[in-house]
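Me: I am new to this structure and would like a close look at a single part of it. Please take me through that part slowly, and then through its surroundings.

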Amino acid sequence: MRIEDITLLNVLTPDTRRRVLVMRRFSAGETIFHQGSETTGLWVVLNGRVAIEHFGAQGNLTTSGIWVAGDVVGIAGLWDKSGYPGSARALDTPTELVWIDRQAALALHQSVPAFAMTISQLLAERLRLVQESVASRQGRPIILQLAIVLSMLGRKTASHVRLTHEDLANLIGTRRETISRVLQELQRMELIEVGYGDIFVKDVARLEAMALEPPPRSHTP
């Protein structure tokens, strides 16, 4: 993706982009920033994919998001300089990002209204997605949770979801073996096609409809 195609960066003048944007390139598996480390600035994905991973107090790993070209990463601690809530790991070779120093980003937020408005819209969208994801997945069988995740990722990646079974397990908070079994079931339903490290969403609309099915009610004796 070109820098000019990203809304947050397109509102900046060419001179400003040349002054504040720093190009960074990573290989698959490389850490971009570590959980708990001080927020140094904003990251914007140009090419490749980035996984945000959170290690719990007991050492359990949860993937809280997969970000693709055009996505902005590292907003959470921009204003209070708090640590990154999760680690960012490159999933592809190459994964290319641009970085804006925290002070430069804060200055742009104050001096460029369109930049500030885009940041506000991104934060509002993130909050809505988190709330919807938690509400829609709570109490649902794994197959419906996976349908929600695959339908959302399918929309973002033109139906080509390049994640391992372990990546998906970390996104949902379950075991890799469970994900493998559920993926086979979705494939039998002709909703997806599973390859090695690749999942092709054949029918996003049907997956979304499946994801909207109400969770089973619990019955008390």
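What pLDDT does the protein chain average, and what share of the residues score at least 70? After that, please look closely at T95: where is T95 placed, and is T95 buried or exposed?

Reply: The model is predicted, so confidence comes before detail. The protein chain averages a pLDDT of 86, and 90% of the residues score at least 70. Among the elements of the chain, strand 1 (residues 22-26) has the highest mean pLDDT, 97. The lowest mean, 76, belongs to helix 4, residues 113-137. Where pLDDT is low, the predicted coordinates should not be read in detail.

Now to T95. This residue is in strand 8, which covers residues 95-101. T95 has a relative accessible area of 0%. The cut-off for buried is under 20%, so T95 counts as buried. A polar atom of the T95 side chain lies 2.8 Å from the backbone oxygen of D92. Leaving out residues up to four places away in sequence, T95 touches R24, R25 and F26. On the same terms, T95 also touches N47, G48, R49, V50 and A90.

The stretch leading up to T95 has a feature of its own. T93 and P94 are joined by a cis peptide bond, with omega at about -5 degrees. P94 is in the loop between strand 7 (87-90) and strand 8.

One of the residues touched by T95 leads on to another part of the model. R49 is in contact with T95, and R49 is also among the residues that line the largest cavity. The structure holds one cavity of 30 Å³ or more. About 40 Å³ of space lies in the largest cavity. Besides R49, its lining includes I66, V68 and L153. T157, V161, R162 and L163 line the cavity too. By class, this lining has five nonpolar residues, one polar residue and two charged residues.

Further along the chain comes helix 6, residues 165-172. Six of the eight residues of helix 6 are buried, so this helix is largely enclosed by the rest of the structure. The buried residues are D167, L168, A169, N170, L171 and I172. Just after helix 6, G173 takes a positive phi of about 90 degrees.

R175 is in the loop between helix 6 and helix 7, the latter covering residues 176-188. With a relative accessible area of 56%, R175 is exposed, whereas T95 is buried. The C-alpha atoms of R175 and Q187 are 19 Å apart, and the two residues are twelve places apart along the chain.

Q187 itself is in helix 7. Its relative accessibility is 32%, so Q187 counts as partly exposed. Leaving aside neighbours within four places in sequence, Q187 is in contact with I192, E193 and V194. Between the C-alpha atoms of Q187 and Q58 there are 34 Å, and 129 residues separate the pair in sequence.

The last residue to look at here is E190, in the loop between helix 7 and strand 10 (192-194). E190 has a phi near 65 degrees, a positive value in a residue other than glycine. E190 is exposed, with a relative accessible area of 53%.

To return to the part you asked about: T95 is in strand 8 and is buried, with a relative accessible area of 0%.

Definitions and conventions:
Residues are numbered from 1 along each chain as its sequence is written. This is a predicted model: local features need pLDDT of at least 70, side-chain atom pairs count only at pLDDT 80 or more; totals for chains, interfaces and linings use all residues. Side-chain values use heavy atoms; hydrogens and water are left out. pLDDT is the predictor's confidence in each residue, from 0 to 100. Helices (H or I, at least four residues) and strands (E, at least two) are DSSP runs, numbered from the N terminus. Buried means under 20% relative accessible area, exposed over 50%, partly exposed in between (1.4 Å probe, protein chains only). A polar contact is a pair of N or O atoms within 3.5 Å; within protein, one must be able to donate a hydrogen and the other to accept it, and residues adjacent in sequence count only if both atoms are side-chain atoms. Contact means heavy atoms within 4.5 Å. On a 1 Å grid over the protein atoms alone, a cavity is a set of points where a 1.4 Å probe fits but cannot get out, and a pocket is an open set with protein on both sides within 12 Å along at least five of seven lines; lining residues have an atom within 4 Å of a point. Grid points are joined across faces, edges and corners, and a volume is the space filled by probe spheres set on the points. Ala, Val, Leu, Ile, Met, Phe, Trp, Tyr, Cys and Pro count as nonpolar, Asp, Glu, Lys and Arg as charged, and the others, Gly among them, as polar.
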